[in-house]
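Let's take a walk through this one together, starting where the chains meet and then working inwards. Keep the viewer open as you read.

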Amino acid sequence: MADFRLQRLPSTTPAAALGARILAIALALVIAGVILAFVGKNPLALGLQVVTSSLGSSFGLEDLGLLVIPLILTGLSVTVAQQIGAWNIGAEGQFYAGAFAASAVGLFAPLSGGWSLVGMGVAGAFGGLVWILIPALARAYANVNELITTLLLNFVAILLVYYVSTDAWRERGGVANSATPRIKAEIPEFWGLVHWGLPIAVLLALAMAGLLAFTRWGYEVRLIGSNPAAGKYLGIAARRHLITVMLISGAIAGLAGMLEIAGTVHRLQGGISNNYGYLGIMVAVLARGSSIGVIFAAALMAFILNSGIILQTQGLTTSTVLAITGLILFLTAIGDELSHYRVVRDKS
Amino acid sequence: MTEPSHRYVVPTGAAPLVQLKGIAKYFPGVIANQDVDLEVMPGEIHALLGENGAGKSTLMNILTGIYQPDAGEIIIDGYACQFASPVQAIAAGIGMVHQHFKLVNAFTVAENIHLGWSETPRRASAPALEERTAALAQKFNLQVKPSARITELSTGEQQRVEILRVLARKARVLILDEPTAVLTPAEARELFKALRDFVSTGNAVIFISHKLDEVLEISDRITILRGGRKAGTELAADCTPAKLARLMVGRDIVLADMRARPPGAAAVSSSPVLRLRDVSVLNDNGHTALHGISLDVRAGEILGIAGVAGNGQRELSQVLTGTRPAATGVIEIDGHAIAHANAADFVRRGIGHIPEDRLHSGLAPGLSITANAVMREYAKPPVTIAGIFRPRAAKALARQIASVADVAIPDFAMPIRNLSGGNQQRLVARREMRIASKILVAAYPSRGLDVGAINTMLRYIVDLRNAGAGIVLISEELEELLNLSDRIAVLYEGRIMGVLDNDRVDIDEIGLMMGGRLRGEKGAAHG
């Protein structure tokens with residue numbers, strides 16, 4: 001008689017991790033399909049519809065391309081902060097702050113064309129940086145938990161943008177009365193609707209991965225992130241590194257807000273982030289601390305979001321779509337854990 | 001050797017109090033126990049001896065219901081038992097005192113004794129609990145202060161509370177996991193006396209240790225575990241330390257005097273390399289942990305720091321390596337006073353540090369073995385050139401350190417927390433020795449290592465001394481200090497009780513100093 005049991009391994013191979021994820025996503029889709037079949041939909045037809053609409057047409061691919069830009073950046077923002085052991089739950093607020101600052105420059109600064117874009121980019125990054133400045137200093141000097149501070153500042157930024165877009169900066173005589181006038185400076189598009197923000201986001205992710213892996217600074221950041229006491233043991237200026245990394249994290253989220261304004265929406269309006277800041281947390285979790293992994297996780301998240309939009313046009317409610325999204329993430333998390341296990345056979 | 005005055009005489013034909021038969025326990029990739037038999041008679045002190053990782057703790061965790069065996073039987077008083085939890089084991093009369101006490105620090109002794117105990121009166125005032133505790137203390141002849149809070153007690157007193165707590169629950173088998181590791185010699189003698197009293201009424205003690213001498217002193221029989229299997233059970237009277245060491249490691253171990261210098265070894269320098277002058281240091285809570293300490297460390301010597309853990313050793317090792325600032329006093333390296341202590345600066349000056357809690361302060365557990373191995377040299381070529389960190393060069397250096405440390409590493413990208421404690425310790429030691437051109441501060445370097453690995457570790461330290469570095473060796477093992485040190489300083493409650501030359505050392509005197517007497521206070525013997 002052979003006896004089978006599970007054995008947990010301390011680390012997992014990349015192949016096993018990837019396999020577990022693919023399995024998890026497939027399983028989530030099967031479960032979703034069964035449920036859809038129960039409520040009278042044809043899951044296969046819907047699935048085909050999703051795949052052909054998002055991957056089979058240039059329209060679908062362009063939508064994906066636009067969605068993936070902010071997701072890469074907010075995911076990167078959260079991932080970078082994680083490297084030093086900080087949870088930036090405020091990418092949402094920094095996104096808004098960046099969009100706000102970039103719009104201010106775009107609307108009011110006497111700059112033209114390319115210079116206006118550069119100004120908006122600097123302002124966007126700076127806006128995000130300012131928005132995380134207080135949480136960063138509070139964590140560094142008073143050990144105030146950044147989870148709370150960054151989260152709470154989100155609401156401030158969201159309401160600030162609602163205020164200016166429906167009041168102070170509102171487009172007078174506009175149609176909706178809930179957005180600023182159109183900002184003239186626009187990031188040029190290089191493929192259909194997709195603008196140069198996409199290569200910028202990808203390059204930024206690669207650059208962060210490089211900084212972390214191939215610089216002395218990156219090594220110190222990873223070290224402190226893994227064990228702050230080790231930083232003390234080595235005499236590394238842990239506080240300075242913490243502040244720097246958190247400010248970079250905020251600036252990246254702020255830049256995401258600027259790209260959304262200058263590349264995609266062209267006006268500041270309430271709800272402009274589409275929850276990209278919070279979705280960035282999920283992207284970061286899926287990327288498991290890898291800056292390059294963020295690119296792929298963001299692509300997956302964009303595909304899920306895009307599928308959701310398509311499914312909604314097919315008569316599925318938002319709740320159903322959210323449930324399927326949740327199912328995929330949930331099973332992926334379980335798959336990540338299970339990839340540590342293997343079945344062994346006891347000889348008896 | 002003192003024989004207990006009232007030995008318990010086992011009635012003929014009596015069943016063993018505890019009998020384990022063919023116990024096996026497997027963990028992922030590890031055989032923790034296999035085919036282990038153990039028999040403990042009433043009235044016996046039975047020692048369980050073995051290297052780290054020999055399976056002693058696993059076996060006791062099975063006996064106390066923390067783990068369930070994968071095979072084998074537990075027989076108590078002749079009846080087969082199965083313990084699904086520690087509660088069932090204590091109900092069967094088996095209690096354990098762990099190495100790390102499980103007491104509630106903010107509670108009084110009486111409250112700790114009565115915590116989670118079915119016999120605790122439902123409505124009891126503090127005086128009532130204290131009265132009950134005093135009665136229990138009287139009954140078992142264990143001196144405790146019922147109204148004292150645990151934080152106010154010394155380690156020895158805390159241990160007594162733990163033992164009393166187990167005995168109050170009518171334990172007939174008392175398991176002690178390395179009980180003397182935290183005690184002064186005097187406290188250990190008191191413990192031994194209490195244990196002999198306990199077994200004289202037909203109870204039994206299982207005594208886990210890796211200290212050969214004390215095992216021979218206290219126990220009646222000794223069971224030796226090796227690699228998860230039983231290597232034998234011997235009568236203590238038939239054993240010698242050498243025989244036990246052989247059974248334990250499967251080869252002969254020489255506990256040699258390692259102070260002798262081979263030809264060509266660096267001589268002890270005349271002037272100190274590292275000097276503390278009236279240095280006081282605060283601990284994390286802002287209390288003074290070191291009171292005006294003065295110490296000299298010379299090149300080519302080993303300065304041993306003796307003392308019971310928790311008397312300022314941690315702060316001493318930190319102030320010597322720049323990881324904790326001195327509140328007052330002067331630190332001099334090569335005659336130059338250091339104004340602002342900074343660990344990186346000390347490293348540049350050639351001072352290495354094997355910290356006492358390597359996983360928490362000397363390593364980044366979640367990072368790769370490579371990242372951890374290069375922690376001291378990441379900032380300079382070949383690992384970093386012009387600010388660029390070179391993973392390939394880092395891995396080459398890590399490989400080099402691992403090979404010198406004799407640690408086999410399957411995958412350098414694996415998080416270092418996956419390595420065993422002993423292998424982590426070897427890597428840290430080798431990493432620090434590479435940079436310790438002037439001074440190595442080694443806090444408990446052999447802690448967590450088995451006998452064979454300890455010898456290797458001590459040999460490393462001696463080699464470094466021969467190469468001309470000054471060594472500060474902080475240890476609780478007197479034997480280790482005596483074997484290695486040229487001079488021994490005794491630390492007690494943040495003060496140096498005295499510095500002794502190893503040639504004229506008197507173990508009793510060190511023991512007294514560890515207990516708080518100043519050097520020469522012993523009486524006329526040295527007068």
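How many salt bridges are there between chain A and chain B? The count is 0. Keep in mind that what you are looking at is a predicted model. Polar contacts do turn up across that interface, where the rule finds 13 residue pairs, both partners at pLDDT 80 or more. On the chain A side, the elements giving two or more residues are β1 (2-8), α7 (197-214), α8 (216-226) and α9 (228-234). Of these, α8(A) gives the most, with 6 residues. Sorted by class, that side of chain A has 10 nonpolar, 6 polar and 5 charged residues.

Now for the extent of the interface. In terms of contacts, 21 residues of chain A meet 31 residues of chain B. Chain A and chain B bury about 2100 Å² between them, and carbon and sulfur atoms give 60% of that. If you want to know where to look in chain A, go to R216(A), Y219(A) and Y233(A), which lose the most area to chain B and together make up 35% of what that side buries.

Let's move into chain B itself. Its domain assignment gives four pieces: domain 1 (1-93 + 170-253), domain 2 (106-169), domain 3 (272-366 + 415-526) and domain 4 (369-414). Take domain 3 and domain 4 of chain B, whose centres, taken over C-alpha atoms, are separated by 26 Å. Here 18 residues of domain 3 are in contact with 17 residues of domain 4, and the two domains bury about 1600 Å² between them, 62% of it on carbon and sulfur atoms. On the domain 3 side, L427(B), R431(B) and R434(B) supply 36% of the area buried against domain 4, more than any other three residues.

Between these two domains of chain B the rule does find salt bridges, 2 of them. As for a salt bridge to click on, try R376(B) and E432(B), whose side chains meet at 2.9 Å, N to O. Helix α14 (residues 421-435) of chain B gives the most to the side of domain 3 that touches domain 4, with 8 residues. That side of domain 3 divides into 9 nonpolar, 4 polar and 5 charged residues. Polar contacts across this interface come to 7 residue pairs, both at pLDDT 80 or more.

What about salt bridges more broadly? Over all chains, the count comes to 25. One of them pairs R221(B) with E39(B), the closest N and O atoms being 3.8 Å apart. R221(B) sits in strand β9 (residues 221-226) and E39(B) in strand β2 of chain B, so this pair ties together parts that are 182 residues apart in sequence. R221(B) is buried at 19% relative accessibility, while E39(B) is partly exposed at 32%.

A second pair is D296(B) with R275(B), at 3.4 Å between the closest N and O atoms. D296(B) belongs to strand β12 (residues 288-298) of chain B and R275(B) to strand β11 (residues 272-282), so the pair joins parts 21 residues apart in sequence. D296(B) counts as buried because its relative accessible area is 18%, under the 20% cut-off. R275(B), at 27%, counts as partly exposed.

Then there is E301(B) with R487(B), whose closest N and O atoms are 2.7 Å apart. E301(B) lies in the loop between β12 and β13 (302-306) of chain B and R487(B) in strand β21 (residues 487-492), a link across 186 residues. Buried or exposed? Both E301(B) and R487(B) are buried. Salt bridges that share partners also join R275(B), R277(B), D296(B) and E332(B) into one network.

A couple of smaller stops remain. Back in strand β2 (residues 30-40) of chain B you'll find Q34(B), which is buried at 15% relative accessible area. The side chain of Q34(B) makes a polar contact with that of Y26(B), at 3.4 Å. Finally, look at helix α9 (residues 313-320) of chain B, where 7 of the 8 residues are buried. After α9(B) comes G322(B), with a positive phi near 80°.

How values were computed
Residues numbered from 1 in each chain as written. Chains lettered and ligands numbered in written order. Predicted model: local features only at pLDDT ≥ 70, side-chain atom pairs only at ≥ 80, totals over all residues. Heavy atoms only, no water. Contact = heavy atoms within 4.5 Å. Buried area = accessible area lost by both parts, 1.4 Å probe. Salt bridge = Lys/Arg side-chain N within 4 Å of Asp/Glu carboxyl O. Polar contact = N/O pair within 3.5 Å; in protein donor to acceptor, adjacent residues only side chain to side chain. Helix = DSSP H or I, 4+ residues; strand = E, 2+ residues; numbered from the N terminus. Nonpolar A, V, L, I, M, F, W, Y, C, P; charged D, E, K, R; others polar. Domains from an automatic or database assignment. Buried < 20%, exposed > 50% of the residue type's maximum accessible area, 1.4 Å probe, protein only.
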